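Work through the exercises below with the sequence and the structure side by side. Try each task before reading its solution.

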Amino acid sequence: NTDAACSGRRTVLILLSDLWQSEGVVNGHIRLNVFYRHMIQYINLARKNKNIDFIVRPRYADNLWDQIFKKQLNGLDNFMISRQESLEKALSRADLVLGYASTALIEALIVRIPVISLDTGDFYNPFPLWEYGLSSRVSSFEELDTEIKRLIFSEKDRRSAVELIQRNIHLFNYDDDGMASERSAHELAKMSGAVSGQRCENIDP
């Protein structure tokens, strides 16, 4: 994020795995309740860290987060909820990516952006990137606050995170041999299938 580096600001991209449709009324309501609580925590993080820009990217464009948090977001200049730009453009602005079980986390790793996996135990996470040394795993928002600052402001820790990605991403089936796009498509399709299967398991009584 060259523009941010020149201005002294840093950007955290939050990939929300919210589902507003197709999950069933009860299960969808439970998941949205979890993300509602998490959104409040993200807003609190933005209030505490005015020198960091937070961009929340919902899973779908037709979400209601802006309306739900209209009052809380009033005057909060370093917090944005948007899916208007492409993922490629959003990643080009990010110094750090935070997410749950989004395949877009893989795309962040491919372009060597450090990733934090938020694993609060509220629901199943089929993407244990931390087991491959590809992300930092945090289980609470207190840990998240500390980890964001560490990976944003410590050049040594940030460099170490990128080196770990470089060293370990082959364990997740990615190499720089000209075949990355083919493997990426295969792996993303496989992981999307795993999420879909888990979703169906959660819906069934």
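**Exercise 1. Follow the pairing from strand 6 back to strand 4.**

Solution. Strand 5 and strand 6 (residues 136-138) run parallel and are joined by 3 bridges. This is a predicted model. Within this pair, Leu118 has Val138 in strand 6 as its bridge partner. Next, go to the other pairing: strand 4 also runs parallel to strand 5, again with 3 bridges. Here Leu98 has Ile116 in strand 5 as its bridge partner. Between these two strands the chain passes through helix 6, and this β-α-β crossover is right-handed.

**Exercise 2. Decide whether the faces of strand 5 (residues 115-118) are covered or not.**

Solution. Take one side: Val115 and Ser117 are buried. Take the other: Ile116 and Leu118 are buried. Both faces are therefore covered.

**Exercise 3. Place strand 1 (residues 10-15) among its neighbours and state how many of its residues are buried.**

Solution. Strand 1 pairs with strand 2 (residues 52-57) in the parallel sense over 6 bridges; Val12 has Phe54 as its bridge partner there. Strand 1 also pairs with strand 4 (residues 96-99), in the parallel sense over 4 bridges, and Ile14 stands opposite Leu98. Now look at the two sides: Arg10, Val12 and Ile14 are buried on one, Thr11, Leu13 and Leu15 on the other. In total 6 of the 6 residues are buried, so strand 1 is largely enclosed by the rest of the structure.

**Exercise 4. Check the length of helix 8 (residues 155-168) and find its buried side.**

Solution. At 1.5 Å a residue, the 14 residues should span 20 Å; the end C-alpha atoms are 20 Å apart, which agrees. The buried residues of helix 8 are Arg158, Ala161, Ile165 and Asn168. They cover an arc of only 110° around the axis, which puts them on the same side of helix 8. The general rule is that an α-helix has 3.6 residues a turn, so residues three or four places apart point the same way. The buried residues of helix 8 are covered by elements including helix 6 (104-110) and helix 7 (141-153). The face turned away from the buried side carries the exposed residues Lys156 and Arg167.

**Exercise 5. Is Ser82 buried or exposed, and what does Ser82 contact?**

Solution. Ser82 lies in the loop between strand 3 (79-81) and helix 5 (87-93). Its relative accessible area is 18%. Buried means under 20%, so Ser82 is buried. The Ser82 side chain reaches the backbone nitrogen of Gln84 at 3.2 Å. Leaving aside neighbours within four places in sequence, Ser82 is in contact with Val56, Arg57 and Pro58.

How values were computed. Residues numbered from 1 in each chain as written. Predicted model: local features only at pLDDT ≥ 70, side-chain atom pairs only at ≥ 80, totals over all residues. Heavy atoms only, no water. Buried < 20%, exposed > 50% of the residue type's maximum accessible area, 1.4 Å probe, protein only. Pairing = 2+ DSSP bridges. Expected span 1.5 Å × (residues − 1). Arc of directions from axis to C-beta. Contact = heavy atoms within 4.5 Å. Polar contact = N/O pair within 3.5 Å; in protein donor to acceptor, adjacent residues only side chain to side chain. Right-handed = clockwise from strand over helix to strand, strands pointing away.
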